Protein chains: 2
Amino acid sequence: MRIGELARQAGVDVQTVRYYEREGLLDAPARTASGYRAYGPRHLERLNFVRHCRSLDMPLAEIRRLIELSRDTRVSCDQVNTLVRTHLERVQAKRKALQALEGQLEALSAQCESGHRVADCGILEELIHAAHGEACACHPAASEA
Amino acid sequence: MRIGELARQAGVDVQTVRYYEREGLLDAPARTASGYRAYGPRHLERLNFVRHCRSLDMPLAEIRRLIELSRDTRVSCDQVNTLVRTHLERVQAKRKALQALEGQLEALSAQCESGHRVADCGILEELIHAAHGEACACHPAASEA
DNA sequence: AAAAACCCTGTAGCCGCTACAAGGTCAAAC
DNA sequence: GTTTGACCTTGTAGCGGCTACAGGGTTTTT
């Protein structure tokens, strides 16, 4: 299987495959006489593994670590679980931050009534007031923390 | 006010101030005889505005657009509100994606019971099964969509 | 007068790709 | 047999939003 076929089967760009090889996530395959990469089913399996981890938003460094761990079957599973849970905590933290953002942006947008000019608009005023460190719809109680 | 003082007052890195100037978010200030940037209170106000928008996770391009809009006070406020609401939708979409991720990672972690080896661990098996396109704890109903 | 703290420009690194340039190879159509 | 087109190769640069470092000059403090 050549790189285009591998990429198609995994649903990724050809460049991404080469990138993963450079980054040590995919073993360098054999080459044909003319220098083309020749992949086997193991490579596809590994590539799908990487993509699945990426779909869980894991950074490449952690996927690399998972691959290392999986190579040594004597390793305690706790290490894998810790990695997953640490990642989960990161995702949770980011989600909560976005949730707070949502509230702030909604408050901001609520300042605006249709049809008037920016000179009379609550949004820019809010944003500019923030420049003075004053309370605003975005960060109502920020200064109380 | 020199760049260090400005940066300190806004709570940003000196490099970030220069970066914003390069990116057209901050007007180039006057220079002293020896070439040092000399800022006034207007610059601090603008910098705080930019930082506030960044705290709302707006991309610099949108902040630039907001600055443009705010310069022309005859512009309809709807443009500002649309920008904010579009950004809000992006944030919402990302938050929902992260929420789904959380569930997947939790299901994954639940596969693991403490103390055993990776060979017997549900997590890596799940991740590797995914490489065959099978149903997994991470993506239980993905193939039904 | 020396040391420390500040400033300048330019460049490169982070992440996970993506795209482009400038070439070599291979299969099929004419 | 050659020409088209799809494929492959390497190397390099770009995205965003900074951050850091190198190698200098200036100002302030000791």
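With 16 C-beta neighbours inside 10 Å, A:D57 counts as partly exposed, because a residue is called buried if 20 or more other C-beta atoms, placed from the backbone, lie within 10 Å of its own, exposed if 12 or fewer, and partly exposed in between. This residue is found in the loop between helix 3 (41-55) and helix 4 (60-71) of chain A; helices (H or I, at least four residues) and strands (E, at least two) are DSSP runs, numbered from the N terminus. The phi of A:D57 is near 70°, a positive value in a residue other than glycine. Most residues other than glycine have a negative phi. In chain B, B:D57 lies in the loop between helix 3 and helix 4, and its phi is also near 70°.

The model is predicted: local features need pLDDT of at least 70 and side-chain atom pairs count only at pLDDT 80 or more, whereas totals for chains, interfaces and linings use all residues. Residues are numbered from 1 along each chain as its sequence is written, while chains are lettered from A and ligands numbered from 1 in the order in which they are written.

Superposition of chain B on chain A, by least squares on the C-alpha atoms of residues with pLDDT of at least 70 in both, requires a rotation of 180° with 0.0 Å of shift along its axis and gives an RMSD of 0.0 Å. The two copies are therefore related as by a two-fold rotation axis. Among the residues of chain B, B:R95 comes closest to the rotation axis, its C-alpha lying at 2.7 Å.

Contact between the chains (C-beta atoms, placed from the backbone, within 7 Å) joins 48 residues of chain B to 48 residues of chain A. On the chain B side, two or more residues each come from helix 3 (41-55), helix 4, helix 5 (77-110) and helix 6 (122-129). Helix 5 of chain B gives the most, with 21 residues. In chain A, helix 5 (residues 77-110) has 34 residues and reaches 49 Å from its first C-alpha to its last. Its buried residues include A:V84, A:H87 and A:L98.

The surface near DNA strand D (C-beta atom, placed from the backbone, within 6 Å) holds 20 residues, of which A:R2, A:G4, A:R37, B:S34 and B:P59 come nearest. Helix 1 (3-10) and helix 2 (14-22) of chain A, together with helix 2 (14-22) and helix 4 (60-71) of chain B, give two or more residues to this surface.

Note on methods. Expected span 1.5 Å × (residues − 1). Contact = placed C-beta atoms within 7 Å.
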